[in-house]
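Me: Could you walk me slowly through one helical part of this chain and its surroundings? I'm in my first year, so please explain the terms as you go.

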Amino acid sequence: VLVVVRVVCAVRAGLELAWPDPDTGEPRSCGGSLSYARPDRLRVRGTTKAFFTVFDLVATRDLVWLDVPREKFVVFGRRDDPAWDELPLSPDALLIALLADPCAREPCDGGVALGAETEASRSISGGGWELTVDRRTGLPTGYARTEDGVLRISWKDWGVREEMAWPSRIGIRAAEKGEELEVRLGRLEPGRPIRDETFTMDPEEDREVLSPSDARDRWQRLRL
């Protein structure tokens with residue numbers, strides 16, 4: 001099986017994010033923007049059609065801020081806090097999803113091994129994860145975190161844009177009973193320099209500051 005390796009140093013992109021309303025099941029969506037700088041700095045901002053900020057997520061190597069202006073709170077904590085994994089906007093889940101790379105932050109510990117094979121696909125496993133790839137193209141189609149089975153990612157509608165393969169639709173399910181967040185990639189600007197200031201956040205003084213674990217309960221009541 002040919003596995004396509006994609007090395008992305010920096011990229012800006014337009015996004016559309018969609019999810020089902022937790023009360024009615026009706027589709028909800030917002031626009032957004034992505035800024036990424038290798039190896040692990042990330043900023044994802046969701047905006048309404050009127051360009052009001054729905055959320056603003058900034059992740060550096062060690063720290064993460066998630067600002068929700070309408071609710072006047074910001075979630076702040078260390079990036080290695082496992083409670084981030086229980087929020088729909090987990091920075092590491094977003095990074096794996098957007099780059100289609102299980103080892104997006106650092107090299108895979110212990111390497112990888114080939115697994116089950118079908119006529120259409122082949123699985124590749126690493127430290128606590130399994131990746132399914134299309135046998136014909138070598139492009140990823142699915143990811144699952146095998147240690148707990150919670151995080152699942154799917155990639156669909158791959159195409160070549162800016163001389164590199166990118167998926168048009170990405171599905172992220174970051175909680176066992178959570179709804180799937182669909183990310184649709186729009187305009188891409190790979191290789192464009194990004195200022196260091198992009199990956200900083202100075203929250204407004206009226207924000208209530210929550211830890212990632214405190215935010216889990218709040219998020220269940222939140223309607224973006």
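**A close look at helix H1 and its surroundings**

Reply: Let's start with the whole thing: the protein has two helices and 14 strands (DSSP runs numbered from the N terminus, with at least four residues of H or I for a helix and at least two of E for a strand). Its radius of gyration is 17 Å, close to the 17 Å that the globule rule gives for 224 residues, so the protein is as compact as a globular protein of that length. (That radius is taken over C-alpha atoms, and the rule is 2.2 Å times the number of residues to the power 0.38.) Along the principal axes, the C-alpha atoms fill a box of roughly 55 × 35 × 35 Å.

Two quick notes on the ground rules. This is a predicted model, where local features need pLDDT of at least 70 and side-chain atom pairs count only at pLDDT 80 or more, while totals for chains, interfaces and linings use all residues. Residues are numbered from 1 along each chain as its sequence is written, and side-chain values use heavy atoms, with hydrogens and water left out.

Of the 224 residues, 44% are buried (buried is under 20% relative accessible area, exposed is over 50%, and partly exposed is in between, with a 1.4 Å probe and protein chains only). Take the contacts (heavy atoms within 4.5 Å) with a separation of 6 or more: 45% of them are between residues 24 or more positions apart.

Now for the helix. H1 covers residues 91-99, and eight of its nine residues are buried, so it is largely enclosed by the rest of the structure. The buried ones are Pro91, Ala93, Leu94, Leu95, Ile96, Ala97, Leu98 and Leu99. As a bit of background, an α-helix has 3.6 residues a turn, so residues three or four places apart point the same way.

What about Asp92? This residue is also in H1, but Asp92 is partly exposed, with a relative accessible area of 23%. Leaving out residues up to four places away in sequence, Asp92 touches Arg79 and Arg105. For a sense of distance, take Thr198: Asp92 is 106 residues from it in sequence and 18 Å from it in space, C-alpha to C-alpha.

Just after H1 comes Ala100, with a positive phi of about 50°. Ala100 has that positive value even though it is a residue other than glycine. You'll find Ala100 in the loop between H1 and strand S7 (113-117). With a relative accessible area of 10%, Ala100 is buried.

Next, hop over to a loop that reaches the helix. Asp40 lies in the loop between S2 and S3, and at 2% relative accessibility Asp40 counts as buried. Again skipping residues up to four places away, Asp40 touches Ala59, Thr60, Arg61, Arg79, Leu95 and Arg105. See the overlap? Leu95 is one of the buried residues of H1, and Arg79 and Arg105 are the residues that Asp92 touches.

That loop has another feature for you to find. Pro39 lies there too, between strand S2 (27-37) and S3, and a cis peptide bond joins Arg38 and Pro39, with omega about 10°. Follow the chain on into strand S3 (residues 41-47) and you get to Thr47. Thr47 is buried, with a relative accessible area of 16%. Residues up to four places away aside, Thr47 touches Cys30, Gly31, Gly32, Phe52, Thr53 and Val54.

Last stop: the stretch around strands S5 and S6. Lys72 sits in the loop between S5 and S6, and Lys72 has a positive phi of about 55° although it is not a glycine. At 43% relative accessibility, Lys72 counts as partly exposed.

The count of aromatic pairs comes to one (rings of Phe, Tyr and Trp, using the six-membered ring of Trp, pair if their centres lie within 6.5 Å; planes under 30 degrees apart are stacked, over 60 edge-to-face, and the rest tilted). Trp65 and Phe76 form this tilted pair, at 5.4 Å centre to centre with 40° between the planes. Trp65 lies in strand S5 (residues 63-68) and Phe76 in strand S6 (residues 73-78), so the pair ties together parts that are 11 residues apart in sequence. Trp65 is buried at 15% relative accessibility, whereas Phe76 is partly exposed at 34%.
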